[in-house]
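User: I'm new to reading structures. Please take me through the terms used for this one.

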Amino acid sequence: MSEFDDQIPSAFALDNILSRIPLFVGLYGWADPFADANAEDSGAGSKEYVHVRIQQRNGRKSLTTVQGLKKEFSYNKILKDLKKEFCCNGTVVQDPELGQVIQLQGDQRKNVSTFLVQAGIVKKEHIKIHGF
């Protein structure tokens with residue numbers, strides 16, 4: 001026996017170590033690269049948020065954006081009601097990454113969030129308001 005035989009693990013010890021690696025890796029989500037895709041398909045525990053943001057334009061001008069609404073809603077009808085309710089102008093913009101985004105003039109973050117909840121479009125816990 002050489003001095004290196006003590007450092008080389010036996011087949012049983014190696015199997016024992018390797019059997020724990022996927023468990024350890026699975027805790028941190030590294031084991032399955034499609035774990036996120038499978039979680040979305042199941043629908044259990046997956047939350048999709050509606051993001052209401054403000055973008056500063058020039059000077060005192062600002063823009064409120066709403067993204068993340070379900071595709072089954074008519075964005076143009078929602079926009080029409082928002083414009084009429086808050087006396088502001090707006091548009092629906094098609095973004096290649098984000099999909100359809102509603103843009104409104106002015107800081108309408110709180111108004112939009114309360115409108116979406118009262119209209120029954122989104123639950124209050126599924127709305128995230130961003131901005132200063």
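Analyst: Start with one term: contact means heavy atoms within 4.5 Å. Keep in mind that this is a predicted model.

User: Which residues of α3 and α4 meet?

Analyst: Asp81, Leu82, Glu85 and Phe86 come from α3. Their partners in α4 are Asn111, Val112 and Phe115.

User: What makes residues of this contact nonpolar, polar or charged?

Analyst: Leu, Val and Phe count as nonpolar, Asp and Glu as charged, and Asn falls among the others, as polar. The contact of α3 with α4 therefore divides into 4 nonpolar, 1 polar and 2 charged residues.

User: Why are α3 and α4 called oblique to each other?

Analyst: Look at the angle. The axes of α3 (residues 75–86) and α4 (residues 109–118) cross at roughly 125 degrees. Roughly perpendicular runs from 65 to 115 degrees, and roughly antiparallel needs over 145. The value fits neither range, so α3 and α4 are oblique. Their axes come within 11 Å.

User: Which hand does the crossing of α3 and α4 have?

Analyst: The crossing is right-handed.

User: How many helices and strands does the protein chain have, and in what order do they run?

Analyst: The protein chain has 4 helices and 5 strands. From the N terminus, the order is α-α-β-β-α-β-β-α-β.

User: What makes a residue buried, and what percentage of the protein chain counts as buried?

Analyst: Buried means under 20% relative accessible area. Of the 132 residues in the protein chain, 25% count as buried.

User: How much accessible surface does the protein chain have?

Analyst: About 10200 Å², with 52% belonging to carbon and sulfur atoms.

Notes
Residues are numbered from 1 along each chain as its sequence is written. This is a predicted model: local features need pLDDT of at least 70, side-chain atom pairs count only at pLDDT 80 or more; totals for chains, interfaces and linings use all residues. Side-chain values use heavy atoms; hydrogens and water are left out. Axes are lines fitted to C-alpha atoms, for helices over the stretch in contact, and angles run from 0 to 180 degrees between N-to-C directions. Helices (H or I, at least four residues) and strands (E, at least two) are DSSP runs, numbered from the N terminus. Angles under 35 degrees count as roughly parallel, over 145 as roughly antiparallel, 65 to 115 as roughly perpendicular and the rest as oblique. A crossing is left-handed if the near helix is turned anticlockwise from the far one by less than a right angle, and right-handed if clockwise. Buried means under 20% relative accessible area, exposed over 50%, partly exposed in between (1.4 Å probe, protein chains only). Accessible areas come from the Shrake-Rupley method with a 1.4 Å probe; for residues, only the protein chains shown count as cover.
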